[in-house]
Amino acid sequence: MATPRPEYRVAVIGCGSHGTRLARTFDLDPRCRVVAGANRGREGLDLFCQRFGGLPGYQDYRRLLADGKFEIALLALPVSVNPEVVEACAAKEGIAGIFSEKPVAVSLAEADRAVEACESRGIPWSAGDMFRNAPEIWTARRLVESGEIGEVQSMNIYGCGGNQMSGQGCRQLSDGFMFAGDAEVTWVVGAVDGDPADADLGRIDEHSDHDQGVAFGVIGFANGLTAHVHRNISARNGIEVLGSDGVLFIGQSRIGRIWRRTARGLEPARSLFPDPDPGQTALHEYDDDGWEIPRTRMTDSVAAFLDAVESGGPVKCSGADMRKALEVAIAVRESHRRGVVRVDLPLQDRGLRIVPSRRRHVGRRASEGTEAFLAHIRGHKQDD
């Protein structure tokens, strides 16, 4: 007789727009049920708790950690407070796993402390609703490692983050790390364009700690591979892996293909993703209960995290992976500051930081106002 799978109680810290989406995704998995929420704003907290069946709600996450009974902490928080809450959750007795969002921290020192808090206690920390969690991208990695495109020689990372080198760029960087075998980054040469992620700040001094936006340069890995980071989002937006016998391209919209070298040149050899379900191509589709249907990337991320919690294996996109992406983003900025020169990693000054866009840094409510914040939350479920 098969042993029944455990049911994990999930507590949500940060019950805003993304927290609601993620909570619904966890709640749809038969291994989970959402049991509590914590949110500083009363209106958002009340709506969240009512939507999930009258859950207990807390305006101070510390009260939730002290009083709540749960195994999984789901954090959907501004980056300004994310690392301290990760540390606090890791210290709670009985925690089986932590799922938070990107970027994981502003400074390397904060990221270091959060990673250490989880690793020292053996707590899996999955850091983001990320494309890196898709099973197809791991299939692509296995194909590359098996020699499908010959010997890997270099990579191109196109459109690294749009106007957010640390906020969005961590996604493309972490995808690229996979195809270098997740080898350590040993050096970076790069530059930034001096335009901040927050457009209302105007053009700012290139030495500011605000996210400078578009970055470009070269990343060197310990295994000898290099990745070339291209500054603009273009028709080729994603990761291109160049091998001796072929090319792999993984796009940002579940597009993936391998080309093989033939006597006639490069020819398509394999598609890596299934055709999208026509019923799930719209940005906002709703189910019979009125809930917005979660995106595939989100369901992949939650499933991958729960699989790791159950098996005791590694998560596919960890806090350490996201710290690595943050460090590379900071190193690119440091290279620019020092005259576009080689910067060796790990960076010795762990106080270095990047402040992301205001919405990522302090949250939607603080950056856009209460009404905009509530409007986003209401949009995730019809007929409330």
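Which residue stands opposite Val185 in E9? Select Val185 and look across: the partner is Phe221. Keep that pair on screen, as the tour starts from there.

**Before you click**

What you have open is a predicted model, in which local features need pLDDT of at least 70 and side-chain atom pairs count only at pLDDT 80 or more, while totals for chains, interfaces and linings use all residues. Residues are numbered from 1 along each chain as its sequence is written, and side-chain values use heavy atoms, with hydrogens and water left out.

**Stop 1: the whole chain**

Zoom out and colour by secondary structure. The chain holds 12 helices and 15 strands; these are DSSP runs numbered from the N terminus, helices being H or I with at least four residues and strands E with at least two. Along the principal axes, the C-alpha trace spans about 65 × 55 × 40 Å. The radius of gyration is 21 Å, which agrees with the value near 21 Å for a compact globule of 384 residues. (That radius is taken over C-alpha atoms, and the globule rule is 2.2 Å times the number of residues to the power 0.38.)

Now colour by accessibility. Of the 384 residues, 56% are buried, where buried means under 20% relative accessible area, exposed over 50%, and partly exposed in between, with a 1.4 Å probe and protein chains only.

**Stop 2: strand E9 and its partners**

Select residues 215-221, which form strand E9. This strand is mostly covered, with 5 of its 7 residues buried. Add residues 185-192 to see strand E8, which pairs with E9 in the antiparallel sense over 7 bridges; strands pair if DSSP finds at least two bridges between them. Your opening pair, Val185 and Phe221, belongs here.

Next, add residues 226-229, strand E10, which runs antiparallel to E9 and is joined to E9 by 4 bridges. Click Gly220 and find Thr226, its bridge partner in E10. The hairpin of E9 and E10 has 4 residues between the strands, and there Gly224 takes a positive phi near 95°.

**Stop 3: backbone oddities**

A little background helps here: most residues other than glycine have a negative phi, and most peptide bonds are trans.

Select Asp182, in the loop between helix H7 (169-178) and E8. Its phi is near 55°, a positive value in a residue other than glycine. Asp182 is partly exposed, at a relative accessible area of 22%.

Jump to Val340, in the loop between helix H9 (319-337) and E15. Here too phi is positive, near 55°, and Val340 is partly exposed at 45% relative accessibility.

Then visit two cis peptide bonds:

- Lys102 to Pro103, with omega near -15°; Pro103 sits in the loop between strand E5 (97-100) and helix H5 (108-119).
- Leu345 to Pro346, with omega near 5°; Pro346 sits in the loop between strand E15 (343-344) and helix H10 (358-362).

**Stop 4: Ala304**

Is Ala304 buried or exposed? Select it in helix H8 (residues 296-311): at 10% relative accessibility, Ala304 counts as buried. Leaving aside neighbours within four places in sequence, Ala304 is in contact with Asn133 and Lys316, contact meaning heavy atoms within 4.5 Å. To finish, draw a C-alpha to C-alpha distance from Ala304 to Ile258: the two are 46 residues apart in sequence and 24 Å apart in space.
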